[in-house]
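Okay, can everyone see the screen? I'll keep this short, and then you can pick it apart.

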Amino acid sequence: MKLYLVRHGQTDMNKEKLYYGWTDCPINEQGRKQARTLQRFFQNIKYDKIITSDLKRSIETAEIINNGRKIPFEKRKNFRELHFGSWEGGHYKILKEKYPDEFTKWAKDWKTFTIPEGESFQAFYQRVEKELNCIISQTPEDSTLLIVTHNGVMSVILCALLGAGFEGFWKFFLEQETYSLVSIRKGNVLMEKLNCPILE
C-alpha cells in the first residue's frame, strides 16, 4: 500500500498564523496555486482513492489536484486538525495574554490538557490513529491512496506508522506545495519521501 500525504493549500488564517483547527475556511489564491502545482505532479500518478478531512481547505485542495478524475472521494471528520475550541481564530500572543493560566497548564501538560471547549492532544492523536488504522484495515495492500489533510493530522499519521508515538509529533512538519510518501508492505513501513517539492 502506498500513502501519498498532502497538506492543504494556504489559507488567509494560515498566513496570519492563527489557531484554526476546526474553523472551516477556504484556501486563498496562493493555496489554489499550490494545489495546481501538485495537480501537475499527480496527473501522472495512479491512485485508487482520495481521502480528505471534511473541511473546505482540504476538500478544495484535493478537488484541484484530482482535476475531475473519476476516483472515489471520501471525507473523514476524524482527519480534522486539533480542535482549538475557544482559541479558534486567535493569535498565539493574544491568546497567551487572555488565557495565561490555561496556557501555562498547556505548556506543562501538552499531552492531556484539554483546550477550553476543544480537545486534548491525546484525544486528537487517538482519533486520527484510530481512523488511520480503520482505513488501512479496509484497504487492499496493493492500493494507492492520496490523503489530503492537515499538518497535525499528517504528523500523527507518520508518528503512528513509524512508531514514534506522542513524543515524535514535534519532529515532523509537513509543508504546503509538497508531498510525502509512505509504503506499507506486510506490516513493514517505509518512509520514501518527506516534504518532496514538485520539480517543474
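I'll go through two helix pairs and then the pocket. One thing up front: this is a predicted model.

So, helix packing. Two packed helices are described by the angle between their axes and the distance between the axes, and that's how I'll go through both pairs.

Let's take α2 and α3 to begin with. α2 covers residues 29-42 and α3 covers residues 56-66, and their axes come within 7 Å, crossing at roughly 40 degrees. That angle falls outside the 65 to 115 window for roughly perpendicular and isn't under 35 either, therefore α2 and α3 count as oblique to each other. The crossing is right-handed. Who's touching whom? On the α2 side you have R32, A35, R36, L38, Q39 and F42, and on the α3 side T61, I64 and I65. Sort that contact by class and you get five nonpolar, two polar and two charged residues.

Now the other pair, α6 and α7. Here α6 is residues 121-137, α7 is residues 151-162, and the axes come within 9 Å with a crossing of roughly 65 degrees. That makes α6 roughly perpendicular to α7. Handedness for α6 and α7: right-handed. From α6, the residues in contact are F124, Y125, V128, E129, L132 and I136, and they meet G152, V153, V156, I157, C159, A160 and L161 of α7. By class, that contact of α6 with α7 comes to eleven nonpolar, one polar and one charged residues.

Okay, on to the pocket, for the docking people. How big is the largest pocket? Its volume is about 870 Å³. There are 34 lining residues, and the ones closest to the centre are L18, Y19, E81, F84 and N151. Which elements give two or more residues to that lining? Those are α1, residues 12-15, α5, residues 100-108, and our friends α6 and α7. α1 gives the most, with three residues. As for chemistry, the lining splits into 18 nonpolar, ten polar and six charged residues.

That's me done; over to you.

Conventions: Residues numbered from 1 in each chain as written. Predicted model: local features only at pLDDT ≥ 70, side-chain atom pairs only at ≥ 80, totals over all residues. Heavy atoms only, no water. Axes fitted to C-alpha atoms, helices over the stretch in contact; angles between N-to-C directions. Helix = DSSP H or I, 4+ residues; strand = E, 2+ residues; numbered from the N terminus. Parallel < 35°, antiparallel > 145°, perpendicular 65-115°, else oblique. Left-handed = near helix turned anticlockwise from the far one by under 90°. Contact = heavy atoms within 4.5 Å. Nonpolar A, V, L, I, M, F, W, Y, C, P; charged D, E, K, R; others polar. 1 Å grid on protein atoms, 1.4 Å probe; cavity = no way out; pocket = protein on both sides within 12 Å on 5 of 7 lines; lining within 4 Å. Points joined across faces, edges and corners; volume = space filled by probe spheres on them.
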